[in-house]
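Visitor: I would like a close look at a single part of this model. Please take me through its pockets.

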Amino acid sequence: MANAVISATAETILKMKDHYKKDLVEKVPQGGVFSAKINGCTITAYKSGKVLFQGANGEAESSKWGTAAPAKPKSPKTKTSGMALPENISDLSLIGSDEVGTGDYFGPITVVSAYVERSQIPLLKELGVKDSKNLSDPQIIEIAKKLLKFIPYSLLTLPNKKYNQWQKKGMTQGKIKAVLHNHAIQNLLEKIEPTVPEAILIDQFTEANTYYKHIQGQKRIIRDRVYFSTKGESIHIAVAAASILARYAFLKAMDSLSEKAGFIIPKGAGPIVDKAAAKLIQSKGEAALEDFTKLHFANTQKAMKIVYKK
Ligand code: MG
């Protein structure tokens, strides 16, 4: 069997109906526009635009009309690496860990591990805790201030100067993140002692194996009950809380960089950022980039071009 499905416009479907007019069958399924039977293939077009080609010649017949419909997104949408997640993970007392600032030319990387007990989960939901990417900066600030009052957490901020030193030593961003996460989790475990979390969930930025390779040689390596998943904030609210606190710390760091620079330092790594970096070079000299930016980003060269073309 070589069944095929394509997506077609209403216009194409009408053309198809005309093309198969001699082979149309009377019975059309619910939601269908037409059905036709030809040698080795049954064709069914739906109002949704999907057209099914069933039978041995299905694929060949469908290729007359277009390409296959894009595959449905894989389910589940999250990717887990290392140990499989416990089934009830979203209900556990858990440390979530997430980072911010890795894609921003200006400003530090901030990593936060946050501990949320089972009993606090409804309250966090009530406060509007969700992935920081879906919250505005004022919302982040408002929620973060509330969280800071009752959630045990550990925040690590890697200032740009140190980031640049580490990067020049050959540390990749992946390694830098791994070292910071491991360290933040360790700090938090000590902070909440004698309480032991039921699980630790790191918002996955690399495969578990690579993560542990990165932190080889660290004084203490936290491995027990550590899980990795992409979209960690949708798995456990502690990761969302960590992402909010990390974002809050990042915003505050950007504010103090803006104050130091004497103008607003933009986020991200786009053309506005190039211009701001050029402005910084002009007012404070190239050396200032060391304390403000992630030097190895392409923005450095772009800013230099802006400065020296003038
Ligand atoms: Mg993340």
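How much space lies in the second largest pocket, and what lines that pocket?

Guide: Keep in mind that this is a predicted model. The second largest pocket holds about 230 Å³ of space. Its lining is made of 16 residues. Nearest the centre of this pocket lie Asp-98, Glu-99, Val-100, Ser-132 and Lys-133. Three elements each supply at least two residues of the lining: strand S7 (94-100), helix H4 (137-150) and helix H9 (237-261). Strand S7 gives the most, with three residues. By class, eight lining residues are charged, four are polar and four are nonpolar. Asp-98, Glu-99 and Lys-133 count among the charged ones. Val-100 is one of the nonpolar residues, and Ser-132 is one of the polar ones.

Now set the largest pocket beside it. The largest pocket has a volume of about 270 Å³. Its lining comprises 14 residues. Trp-166, Val-179, Leu-180, His-183 and Gln-218 lie nearest the centre of the largest pocket. Strand S9 (153-158), helix H5 (160-168) and helix H6 (173-192) are the elements that give two or more residues to this lining. Helix H6 provides the largest share, five residues. The class split here is six nonpolar, five polar and three charged. Trp-166, Val-179 and Leu-180 are among the nonpolar residues. His-183 and Gln-218 are among the polar ones.

Methods:
Residues are numbered from 1 along each chain as its sequence is written. This is a predicted model: local features need pLDDT of at least 70, side-chain atom pairs count only at pLDDT 80 or more; totals for chains, interfaces and linings use all residues. Side-chain values use heavy atoms; hydrogens and water are left out. On a 1 Å grid over the protein atoms alone, a cavity is a set of points where a 1.4 Å probe fits but cannot get out, and a pocket is an open set with protein on both sides within 12 Å along at least five of seven lines; lining residues have an atom within 4 Å of a point. Grid points are joined across faces, edges and corners, and a volume is the space filled by probe spheres set on the points. Helices (H or I, at least four residues) and strands (E, at least two) are DSSP runs, numbered from the N terminus.
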